[in-house]
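Student: I have a new model open and I'd like to talk it through with you, could we start?

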Amino acid sequence: MYKTVSSLILFISIPIISFSQTEKNIEADISSVIVFKSGSQISRKAGFSADKGNYILKLSKLSPFISEESIIVKGDGTFTILNVQFKTDYLNSLDRDAKLEVLADSLILLKNKIEESDVQSKVLNERLDFLKANQNLSGNQQATELSTLKSINEYYGENLQKLNSDLLKQKWLKSEFENQTKKLNNELNSLKNNIELPSGIVEITIDKKDNKTSKFEISYLVENANWYPGYDIRFTGTNNPLQIAYKANIKQSTGVDWKNVDMTLSTAQSTVSSQIPTLNPWNLYYYYPEIVSALQGRVAGVSLDLMEVADEEVLGENKTVKIRGVGSLANNQPLYIVDGVPQENNYIPNPNDIESIEVLKNSNTASIYGSRAQNGAVLVTT
């Protein structure tokens, strides 16, 4: 009785142990970024050591703007990927405290420098007022030697110039400190607005096949990142071409810093779809000039009827070709013969395939090719 119960308990406990999953926090650094006109693709690489069994690999502190359907995980063959899931962590915001502390310390340092500059300016102004108040010392003395007057004037002039110069330097320094303070305050306000930004978590459930060290790569699309082109045009003279430099301006507010990563700019569309896109071909065609236009001025005895349209010479609707010395009836088009074969509707081959053209207008033309050649014939050899 007791043996049966104990074996039953052992039987139940075995699947609980074998299917238990252990969470492992993984730090995967960004290896490369592809920035599109809208959005970007982030790639991360990481490695981990674990024994054989089931695990949940947890990647935290990611951007909350990840597109879940775009997540792709590639392993090295030492484990099987069972599930990939993206979550938004509202309890743990993205870590920006360190940067905020640096900005706050910088602002305090700049504030102290501004106060120090104000003190220096106050001292200089007091010395300047004292100097001006005693500049008429020589006028109050009834007997002042000439050498003493010269010494007083030189002392006054040198000190006045030095004090004004020092005051100007303090003014410049204070202005520079105030500009730096303004920039730091703008950056600090920007960080404070995003301080409550939640983080993203990707959980990868795997079945580890052995005890070896494993590696994997994860890529995904993230929003709030883009780039747009910029141009730098330089004019160096009327005889020189313009120098145009093509630049790119990148913006990203994904909540995660991109530091020391390989970055690529792409003009492709960062769309996610389960269907393969249909690529429709674009056909390019060559322009072939009218062969009748090539006859003008090159073949003796041939003239064209042209008309003026919008200041351009174009061939008339009937593309009339006249061979001088032949019939003058209403239908005076010649007969086109290509490689000895009369052509219906005056078909003419590609000009690039034509080797020679000959015009016939004597009386033997009609006797050879019939009444259709009574207005002459154009013999084309390809």
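Tutor: We can go from the whole chain to its sheet, its cores and a few single residues.

Student: How many helices and strands are there in the chain?

Tutor: Keep in mind that this is a predicted model; in it, the chain has six helices and 19 strands. Of its 382 residues, 30% count as buried.

Student: And what share of the contacts join residues at least 24 apart?

Tutor: If you take the contacts between residues at least 6 apart in sequence, 73% of them join residues at least 24 apart.

Student: OK, the open sheet of five strands. What order are the strands in?

Tutor: The order is 5-8-3-2-11, and the pairing in this open sheet is mixed. Its edge strands, each of which pairs on one side only, are strand 5 (72-75) and strand 11 (262-265). From one strand to the next the twist averages 15°.

Student: Which way do strand 2 and strand 3 run, parallel or antiparallel?

Tutor: They run antiparallel and are joined by six bridges, with I30 standing opposite R44 in strand 3. The two strands form a hairpin with four residues between them, and there G39 takes a positive phi near 90°.

Student: What about strand 2 and strand 11?

Tutor: Those two run parallel, with four bridges joining them, and V33 has M263 in strand 11 as its bridge partner.

Student: And how many bridges join strand 3 to strand 8?

Tutor: There are 10 bridges between strand 3 (residues 40-49) and strand 8 (residues 213-222), and these strands run antiparallel. A46 is one residue to look at here, as it stands opposite F216 in strand 8.

Student: Let's move on to the largest nonpolar core. Which residues touch the most other members?

Tutor: That core has 30 residues, and L59 and F216 are the ones that touch the most other members. The elements giving two or more residues to it are strand 2 (29-35), strand 3, strand 4 (53-62), strand 6, strand 7 (198-208), strand 8 and strand 9 (225-234). There is also a second, separate core of eight residues, which includes L100, L107, L110 and I114.

Student: What is F216 in contact with?

Tutor: Leaving aside neighbours within four places in sequence, the contacts of F216 include I26, R44, A46, L57, L59, V73, F79 and I204. As a general tendency, nonpolar side chains in soluble globular proteins are buried together.

Student: Switching topic: where is D89, and is it buried or exposed?

Tutor: D89 is in strand 6 (residues 79-93). It is buried yet has no salt bridge, and the nearest side chain of opposite charge, K58, is 6.3 Å away. Since a salt bridge needs the charged atoms within 4 Å, K58 at 6.3 Å does not give D89 one.

Student: So what does D89 touch?

Tutor: Not counting residues up to four places away in sequence, D89 touches P198, S199 and I201.

Student: Last one, Y369. Which helix is it in?

Tutor: Y369 lies in helix 6 (residues 364-369). Apart from neighbours within four places in sequence, Y369 is in contact with L335, I337, L360 and L379. Y369 and V341 are 28 residues apart in sequence, and their C-alpha atoms are 9.8 Å apart in space.

Student: Why isn't Y369 called buried?

Tutor: Y369 has a relative accessible area of 23%, and buried means under 20%, so Y369 counts as partly exposed.

How values were computed. Residues numbered from 1 in each chain as written. Predicted model: local features only at pLDDT ≥ 70, side-chain atom pairs only at ≥ 80, totals over all residues. Heavy atoms only, no water. Buried < 20%, exposed > 50% of the residue type's maximum accessible area, 1.4 Å probe, protein only. Lys, Arg positive; Asp, Glu negative; His and termini not counted. Contact = heavy atoms within 4.5 Å. Pairing = 2+ DSSP bridges. Axes fitted to C-alpha atoms, helices over the stretch in contact; angles between N-to-C directions. Core = buried A, V, L, I, M, F, W, Y, C linked by side-chain atoms within 4.5 Å.
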